[in-house]
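Hi,

Here is the structure I promised to pass on. My notes on the sheet and the pockets follow.

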Amino acid sequence: MPDLTANRPTDVPTRETLEFLVSRIPIGAKVLEVGCGEGQIACELLQRGYRVTGLDSDSEAITRAQARGVRAVVASWPKFDRGVSFDAIAFTRSLHHINPLRESIVRARELLNPNGFLLIEDFALDDVNEATVAWFAKVLRSTQGKALINPVTDQLVTQLLSATDIMQTWRDNRAHDLHPFRAINEAIAAQFVVLETQSAPYFYRYLIPVLPETSAAASFVDEVLQQEAILGNRGEIVFLGRRIVASP
């Protein structure tokens, strides 16, 4: 696992994504991160010896990524056209809202070197069941959760905290204009050889926007992640996160 101490809640998901990426991409590889946001992942990859380009359509986020030392550009995928190829292209929780889907995958194949890797980190909203949402609501309403969570308007955590029908609240708060994971998987399989598909914890990520930037909050996120992993592996809850590794 990458050596990233979880002093802040945001460090936990960054660490988990880094572990996924660096375990599959050789150091020194030329990497494009699509949907890099403010560059947390790209910065960590850069520090580990990767040659990284970050891409995002949010100009303010790109400015912050550049301030971290990341080579980051404002662009909309799949319109990105720099005449360069990459050893790896990573969509870090971004592909679900990029349109058109098929062209996005085709463009990734065009920009990947023959021995390169496509890495997807996303989620499967349609697979979540009531037991999983009930578990998460219980976590939020725990003594530790109530002590740390700062309710933020329009966040899923805030809605679940006060919900009487948690499953309906989950359905109501889902964005319905996102690509389902099944469609993402099929689009990738049509253009790439899928080497690996795995499920992973994801609910812990919903905590990040509603927690203070403290070590106590980071520990709470880590504890929820570990509990989610244990229960998911036992089959008591459903993993929301999905990851794909593919090659041209």
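Seven bridges join β6 (193-200) to β7 (241-247), and these two strands run antiparallel. Within that pair, T197 stands opposite I244 of β7. Strands are DSSP E runs of at least two residues, helices H or I runs of at least four, numbered from the N terminus. Two strands pair if DSSP finds at least two bridges between them.

This is a predicted model: local features need pLDDT of at least 70, side-chain atom pairs count only at pLDDT 80 or more, and totals for chains, interfaces and linings use all residues. Residues are numbered from 1 along each chain as its sequence is written, and side-chain values use heavy atoms, with hydrogens and water left out.

The sheet is open and mixed, with seven strands in the order β3-β2-β1-β4-β5-β7-β6. Its edge strands are β3 (71-74) and β6. Four bridges join β2 (51-56) to β3, and that pair runs parallel. There, T53 stands opposite R71 in β3.

Now the pockets (open sets on a 1 Å grid over the protein atoms alone, where a 1.4 Å probe fits, with protein on both sides within 12 Å along at least five of seven lines; lining residues have an atom within 4 Å of a point). The largest holds about 1100 Å³ (space filled by probe spheres set on the points, joined across faces, edges and corners). Its lining has 40 residues; T92, R93, H96, H97 and Y202 lie nearest the centre. The second largest has about 250 Å³. Its lining has 17 residues, and α10 (215-234) gives the largest share, four.

Best wishes
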